[in-house]
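Visitor: I would like to go through this model with you, one topic at a time. May I begin with a detail and then work outwards?

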Amino acid sequence: MLKGAKKMEIFMSYAMQLAHMLNGQTSPNPSVGCVIVKQGRIVGFGAHRYAGGPHAEVEALLMAGEAARGADLYVTLEPCNHHGKTPPCTEAILKAGIAGVFVATEDRHALVAGSGITRLREAGLDVQVGLLKDEAVALYEPFWTAIERKRPRVTVKVAQTMNGTVATGEQRFITSEVARADGRQLRGTHDAILVGSDTVIVDDPALTLRSSTGIEPVRVIVDRRGRLTETFQVLNDGLNPTYWLTEQPRTTERENVTVFVGTYATPDQILELLYEQGIRRVLIEGGPTIQSAFLEADLVDMIELYQAPSLFSGTKSLTTEQDIEDRFDLVKMNQIGPDVHLQYVRKERMTCLPD
């Protein structure tokens, strides 16, 4: 028979699975999962499904109904205690008669920042914080980073050989199909995919999820010199919202394409625009030129590196291995087919949000 602590971990893991399932669909808000348990049995569960919609706690309470009275509530992020697009979740929890609350992690957003936990405790509820905290922090740090720095969290995705060269021209693919499929899954957890005009001209990519599930990210095309025409897929397929950033006069009547004419000479200017449009997580899939520009500007938070077991001469990748090690921590390494996937996170982490 499972002991109490193990049972609590299992219930929180169910809530975490719900949060991960909706990750990428709730921006600019984080995805949250919630499970309500009474006498060892799940009586309600829910997730925050879309921005502006009911929060996870409300969805779970609605399912539980009267069974929520005297039950325990497991939630991946601290319940809100303020009026936004929806009423405070703390008041819904208290009204439902919940006895105890397990919170994976506090919310570092200045509008919450511990007030939800304090409100519940002052009302007499037993509130425990920190169950599966590391997993929760990893899930929510992109949102906290974006709010603190007033820019999207930036991830660079790179595919390279063992000697650090990338695909160009006829050498379109370096890694295996299974590694490329894994890389495409990253798109579903980001609000936008960003590439430069060179990538569009050489590869004519679609930049889609290539699946029937998940919300398609916005495609951001940086075309300062106005070299592109509407014959390329990203500008004429009408599939996903596309932002065409250029410094040259441009107009379009293409469906789902928005032209932004302005000064986009620096990565800072690009990220400022995207943040204003509600983009909180951006994945840079362009070539080494645009990726290096963001790295040199110190605006990269994570690197997803796929390395193939091959060697050939050609265009060098975005930066040196020593530069990566100096500025980033290796947090994950695993094999995908014949290739190796390495995940790096910048050493300078966000600590807390300003008042």
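Visitor: Over the ring of which residue does the charged end of Arg280 sit?
Guide: The model is a predicted one. In it, the charged end of Arg280 sits over the ring of Tyr275, 3.9 Å from the ring centre.

Visitor: What is the average pLDDT of the protein?
Guide: The average is 87, and 89% of the residues score at least 70.

Visitor: Where does pLDDT stay under 50?
Guide: That applies to residues 350-355, for which the model has 17 contacts beyond four places in sequence.

Visitor: Now the sheets. What is the strand order in the open sheet of nine strands?
Guide: The order is 10-9-8-7-11-6-12-14-13, and the pairing is mixed. Strand 10 (257-261) and strand 13 (328-336) stand at the edges with a single partner strand each, so one side of each has no neighbour in the sheet. From one strand to the next, the twist averages 20°.

Visitor: In which sense do strand 7 and strand 8 pair?
Guide: Strand 7 (residues 192-196) and strand 8 (residues 218-222) pair in the parallel sense, over five bridges. Val195 has Ile221 in strand 8 as its bridge partner.

Visitor: Which strands does helix 9 touch as it packs on the sheet?
Guide: Helix 9 (residues 267-276) touches strand 6 (153-160), strand 7, strand 8, strand 9 (242-246), strand 10 and strand 11 (281-284). The direction of helix 9 makes about 145° with that of strand 9.

Visitor: And helix 10, which strands does that one touch?
Guide: Helix 10 (residues 288-296) packs on the sheet and touches strand 6, strand 7, strand 8, strand 11, strand 12 (302-307) and strand 13. The direction of helix 10 makes about 110° with that of strand 7.

Visitor: Back to strand 11. How many bridges join strand 7 to strand 11?
Guide: Three bridges join them, and the two strands run parallel. Leu194 has Ile284 in strand 11 as its bridge partner. Strand 6 also pairs with strand 11 in the parallel sense, over four bridges, and there the bridge partner of Thr155 is Leu283.

Visitor: Are Arg281, Val282, Leu283 and Ile284 buried or exposed?
Guide: They are all buried. Arg281 and Leu283 point one way from strand 11, while Val282 and Ile284 point the other way.

Visitor: What is the order of the five strands in the open sheet they form?
Guide: The order is 2-1-3-4-5, again with mixed pairing. Strand 2 (41-47) and strand 5 (126-129) stand at the edges; each has a single partner strand, so one side of each is left without a neighbour in the sheet. The twist there averages 15° from one strand to the next.

Visitor: In which sense do strand 1 and strand 2 pair?
Guide: Strand 1 (residues 33-38) and strand 2 pair in the antiparallel sense over six bridges. Lys38 has Arg41 in strand 2 as its bridge partner. Helix 4 (residues 115-122) packs on this sheet and touches strand 4 (100-103) and strand 5, its direction making about 150° with that of strand 5.

Visitor: What do the buried residues of helix 2 pack against?
Guide: They pack against strand 1, strand 2, strand 3 and helix 3 (89-96). In helix 2 (residues 56-64), the buried residues include Ala56, Glu57, Glu59, Ala60, Leu61 and Ala64. Helix 2 is followed by Gly65, whose phi is positive, near 60°.

Visitor: A change of topic: how many aromatic pairs does the structure hold?
Guide: The structure holds four. In one of them, the rings of Phe11 and Tyr74 have centres 5.5 Å apart and planes at 55°, so that pair is tilted. The pair links distant parts of the chain, with Phe11 in helix 1 (residues 4-21) and Tyr74 in strand 3 (residues 72-75), 63 residues apart. Both Phe11 and Tyr74 are buried.

Visitor: What kind of aromatic pair do Tyr243 and Phe260 form?
Guide: Their pair is edge-to-face, at 5.1 Å centre to centre and with 75° between the planes. Tyr243 lies in strand 9 and Phe260 in strand 10, 17 residues apart. Tyr243 and Phe260 are both buried.

Visitor: Finally, which residues form one aromatic cluster with Phe11?
Guide: Tyr74 and Phe102 form that cluster with Phe11.

Conventions. Residues are numbered from 1 along each chain as its sequence is written. This is a predicted model: local features need pLDDT of at least 70, side-chain atom pairs count only at pLDDT 80 or more; totals for chains, interfaces and linings use all residues. Side-chain values use heavy atoms; hydrogens and water are left out. Two strands pair if DSSP finds at least two bridges between them. Axes are lines fitted to C-alpha atoms, for helices over the stretch in contact, and angles run from 0 to 180 degrees between N-to-C directions. Contact means heavy atoms within 4.5 Å. Rings of Phe, Tyr and Trp (its six-membered ring) pair if their centres lie within 6.5 Å; planes under 30 degrees apart count as stacked, over 60 as edge-to-face and the rest as tilted. Buried means under 20% relative accessible area, exposed over 50%, partly exposed in between (1.4 Å probe, protein chains only). A charge sits over a ring if NZ of Lys or CZ of Arg is within 6 Å of the ring centre and within 35 degrees of the ring normal. pLDDT is the predictor's confidence in each residue, from 0 to 100.
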